[in-house]
Amino acid sequence: MADLLTDSQFNTFRKLIYDSCGITFSETNRSILDSRLKERLREKQMTDVEDYYKLVTSDQEEFKIFLDSITTNLTRFFRNQPHFDTLINYVIPKILELKQSTGDRKIRIWSAGCSTGEEPYTIAMLLKDKLPAPYTFEIIASDISLKSLMVGQQGFYPESRIAGIPQNYLVTYFTKGDGGYQAKPELMNTIRFDYHNLRNDSGVRNLDIVFCRNVLIYFDEAAQKATVDRFWTAMAKQSYLFIGHSESLFGMDTKFEFLKTPWACLYQKNER
């Protein structure tokens, strides 16, 4: 099938995407952008790429739908178990130790690029199970995909999607329904789903933990550094950053410290 975009149009669209959210389209993944644009033109019953460009640059809602269509939302419950082992066995004890001296009883977590919500729900189940009283937690779960956020907000997952949830957690935190499982209100109430473009400052501060896994790989070096710097600003003086196991801050000019635990590697903000 012939490409939809000319070289000039491809460069115009990829600049628009990069400038708005930092996602980089190269020649190697040009076909993805091409196919997603074809889908949007069919949906809008349009044939001219130039006309569609005018639409996405003038209609904020269509632009959000367009960005939604080009993002990849691959996730699952308890994805990369060693990260969650690190969370429970290392990070949480360290944070509780710190909070004992401050009197702060709340742990604040951001799941950035949360997709359809499996990651924040996994964190919520673990903390509800493991966090001792009187400590509480809150999770902000954000993504650039409105469709994905709606799935997370609804908290309903078909049977094909719940693989990986331990049986005791499934029984405790979900209700079996027709064709799937519904997260119980006690779990859903710990998470606030919110649309957020990582190109911008979230406005959130004093976070104890940030999960941003398998997101930075879509950014070039400049956008990666800008995003990581914004995480630094959002995080508490003593806090922890999880990124994807195939991602690294190695070679980046950042103040985060590399941290190796018996379970997995992560990064620490250690500001006195």
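Which residues line the largest cavity? The legends below take up this point and several other close-up views of a predicted model.

**Figure 1. Lining of the largest cavity.** Trp110, His196, Leu198, Asn200, Asp201, Ser202, Thr227, Arg230 and Phe231 line the largest cavity. The space inside this cavity amounts to about 50 Å³. Helix 10 (residues 221–234) supplies the largest share of the lining, 3 residues. By class, the lining of the largest cavity comprises 3 nonpolar, 4 polar and 2 charged residues. The structure holds 2 cavities of 30 Å³ or more.

**Figure 2. Lining of the second largest cavity.** The volume of the second largest cavity is about 40 Å³. Its lining is made up of Arg79, Asn80, His83, Arg213, Asn214, Gly244 and His245. Of these lining residues, 5 are polar and 2 are charged, and no nonpolar residue is present.

**Figure 3. Helix 4 and its surroundings.** Helix 4 spans residues 60–70, and 8 of its 11 residues are buried, so the helix is largely enclosed by the rest of the structure. The buried residues of helix 4 are Glu62, Phe63, Lys64, Phe66, Leu67, Asp68, Ser69 and Ile70. These buried residues pack against four helices and a strand: helix 1 (7–21), helix 2 (30–43), helix 3 (49–56), helix 7 (146–154) and strand 6 (191–195).

**Figure 4. The N-terminal cap of helix 4.** Aspartate 59 caps the N-terminal end of helix 4. In this cap, a side-chain oxygen of aspartate 59 lies 3.0 Å from the backbone nitrogen of glutamate 61.

**Figure 5. Salt bridge between arginine 30 and glutamate 27.** Side chains of opposite charge can pair when their charged atoms come close. Here the closest N and O atoms of arginine 30 and glutamate 27 are 3.5 Å apart, and the two residues form a salt bridge. Arginine 30 has a relative accessible area of 9% and is buried, whereas glutamate 27 is exposed, with a relative accessible area of 52%. The structure holds 18 salt bridges.

**Figure 6. Salt bridge within helix 2.** Lysine 38 and aspartate 34 form a salt bridge through their side chains, with an N to O distance of 3.3 Å. Both residues belong to helix 2, where they are 4 residues apart, about one turn of the helix. Lysine 38 and aspartate 34 are both buried.

**Figure 7. Salt bridge between aspartate 129 and lysine 130.** The closest N and O atoms of this salt bridge, formed by aspartate 129 and lysine 130, are 3.7 Å apart. Aspartate 129 is partly exposed, its relative accessible area being 37%. Lysine 130 is also partly exposed, and its relative accessible area is 48%.

**Figure 8. A network of salt bridges.** Salt bridges link Lys99, Asp104, Arg108 and Asp208 in a network.

**Figure 9. Surroundings of threonine 86.** Threonine 86 is located in helix 5 (residues 81–102). The residue has a relative accessible area of 0%; because buried means under 20%, threonine 86 counts as buried. Its side chain makes a polar contact of 3.5 Å with the side chain of threonine 261. Leaving aside residues up to four places away in sequence, threonine 86 touches Val91, Phe242, Thr261, Trp263, Ala264 and Leu266. Thr261 thus appears both in the polar contact and among the residues touched.

**Figure 10. Surroundings of glutamine 238.** Glutamine 238 is part of strand 8 (residues 235–243). With a relative accessible area of 16%, glutamine 238 is buried. The side chains of glutamine 238 and asparagine 270 are joined by a polar contact of 3.1 Å. The glutamine 238 side chain also reaches the backbone oxygen of glutamate 271, at 3.0 Å. Residues up to four places away in sequence not being counted, glutamine 238 touches Leu98, Gln268, Lys269, Asn270, Glu271 and Arg272. Asn270 and Glu271 are among the residues touched.

Note on methods:
Residues are numbered from 1 along each chain as its sequence is written. This is a predicted model: local features need pLDDT of at least 70, side-chain atom pairs count only at pLDDT 80 or more; totals for chains, interfaces and linings use all residues. Side-chain values use heavy atoms; hydrogens and water are left out. Buried means under 20% relative accessible area, exposed over 50%, partly exposed in between (1.4 Å probe, protein chains only). Helices (H or I, at least four residues) and strands (E, at least two) are DSSP runs, numbered from the N terminus. Contact means heavy atoms within 4.5 Å. A polar contact is a pair of N or O atoms within 3.5 Å; within protein, one must be able to donate a hydrogen and the other to accept it, and residues adjacent in sequence count only if both atoms are side-chain atoms. A salt bridge is a side-chain nitrogen of Lys or Arg within 4 Å of a carboxyl oxygen of Asp or Glu. On a 1 Å grid over the protein atoms alone, a cavity is a set of points where a 1.4 Å probe fits but cannot get out, and a pocket is an open set with protein on both sides within 12 Å along at least five of seven lines; lining residues have an atom within 4 Å of a point. Grid points are joined across faces, edges and corners, and a volume is the space filled by probe spheres set on the points. Ala, Val, Leu, Ile, Met, Phe, Trp, Tyr, Cys and Pro count as nonpolar, Asp, Glu, Lys and Arg as charged, and the others, Gly among them, as polar.
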